[in-house]
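Student: I am new to this structure and should like a close look at a single part of it. Please take me through that part step by step.

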Amino acid sequence: MRVLAHFVPGDKVLDFLAAEADWLDIRWCAADDDASFYRELPEAEVIWHVLRPLSGADLQRGQRLRLVHKLGAGVNTIDVATATERGIAVANMPGANAPSVAEGTVLLMLAALRRLPELDRVTRQGRGWPLDPGLGETVRDIGGCTVGLVGYGNIAKRVGEIVTAMGATVVHTSTRDDGRPGWRPLPELLAVSDVVSLHLPLTEQTHRLLNRDAIAVMKPSAVLVNTSRGAIVDEDALVGALRDGRLAAAGLDVFEVEPTPSDNALFGLDNVVLTPHVTWYTADTMRRYLVEAVANCRRLRDGETLANVVNQPTGY
């Protein structure tokens with residue numbers, strides 16, 4: 001079975017596949033290597049997809065494609081409608097990256113609350129002693145915070161468990177009242193939370209959900225954390241609020257445009273902690289991804305029902 005894997009593997013990935021999936025013919029292609037991608041695409045039966053968008057035109061060129069398997073949960077980078085029309089199954093891996101993203105989310109919360117980038121910088125410059133007298137007035141313990149989770153799937157629930165263990169009060173919201181303790185409508189959650197953390201798929205309904213008006217509801221002392229999709233936040237509105245003191249800080253792993261241009265206004269702000277869409281990217285997550293990807297290829301080979309298919313492909 002020919003697999004087009006759209007990422008560059010490390011040695012441990014190769015070792016795992018050599019031991020567990022030597023029956024797969026895997027062709028590797030870096031996310032920015034379009035020449036290799038389009039050379040291999042016509043013969044591929046399966047694509048292991050990470051982040052590079054797969055357009056309808058791409059899927060049209062994959063004449064032998066039977067499965068696009070997202071290594072992750074969000075399928076917004078795949079033209080699912082075209083895949084469905086062409087009889088191509090689209091599957092994802094809900095929950096596989098949840099432990100890593102949840103830990104990365106809490107890492108960003110703590111770094112923003114504790115002003116980590118600023119303190120790291122002044123320490124490297126030989127400054128910071130004696131202590132800034134204002135430090136104790138601005139730095140927060142997460143245990144004293146109300147943490148608002150926008151979206152309440154696998155990742156958000158794990159984040160809630162972690163910060164609850166640290167002493168935080170957790171509230172959450174979703175498309176409707178789920179009956180769980182702590183549910184709040186979005187405006188109320190934004191108003192009461194010291195930390196707002198986003199855990200939503202990118203859809204027409206969630207695009208720029210955190211716009212200027214929504215951000216204005218938040219406390220000026222609040223922190224916004226986004227490890228879901230960048231376009232859920234209006235970046236211009238966020239930059240303005242961070243500059244003007246209408247929001248204390250932000251921790252961001254995702255951006256409206258990725259890779260992010262070097263002139264992004266967020267890069268010039270001291271009250272922002274940034275990582276390049278990597279909270280999911282750990283050795284542990286990669287192993288979980290590969291286990292599921294190989295298992296679904298085996299199901300496809302053996303004519304069995306595929307796991308976690310998100311569409312109903314024509315004629316499938």
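Tutor: The account below follows one helix, the loop before it and the sheet beside it. This is a predicted model, in which local features need pLDDT of at least 70, side-chain atom pairs count only at pLDDT 80 or more, and totals for chains, interfaces and linings use all residues. Residues are numbered from 1 along each chain as its sequence is written, and side-chain values use heavy atoms, with hydrogens and water left out.

Helices (H or I, at least four residues) and strands (E, at least two) are DSSP runs numbered from the N terminus. Threonine 227 sits in the loop that joins strand E9 (223-226) to helix H11 (235-244). With a relative accessible area of 9%, threonine 227 is buried (under 20% relative accessible area, 1.4 Å probe, protein chains only). Contact means heavy atoms within 4.5 Å; beyond its neighbours within four places in sequence, threonine 227 is in contact with residues including Val101, Leu198 and Asp253.

At the N-terminal end of H11, aspartate 234 acts as a cap, with a side-chain oxygen 3.1 Å from the backbone nitrogen of aspartate 236. H11 is mostly covered, 7 of its 10 residues being buried; among them are Leu238, Val239 and Leu242. The buried residues of H11 pack against helix H10 (212-217), E9, strand E10 (249-252) and strand E11 (272-274). Just after H11, glycine 245 adopts a positive phi of about 80°.

Strands pair if DSSP finds at least two bridges between them. E9, E10 and E11 belong to an open sheet of 6 strands, ordered E7-E6-E8-E9-E10-E11 with parallel pairing. Its edge strands are strand E7 (169-173) and E11, each pairing on one side only.

Notes:
Buried means under 20% relative accessible area, exposed over 50%, partly exposed in between (1.4 Å probe, protein chains only). A polar contact is a pair of N or O atoms within 3.5 Å; within protein, one must be able to donate a hydrogen and the other to accept it, and residues adjacent in sequence count only if both atoms are side-chain atoms.
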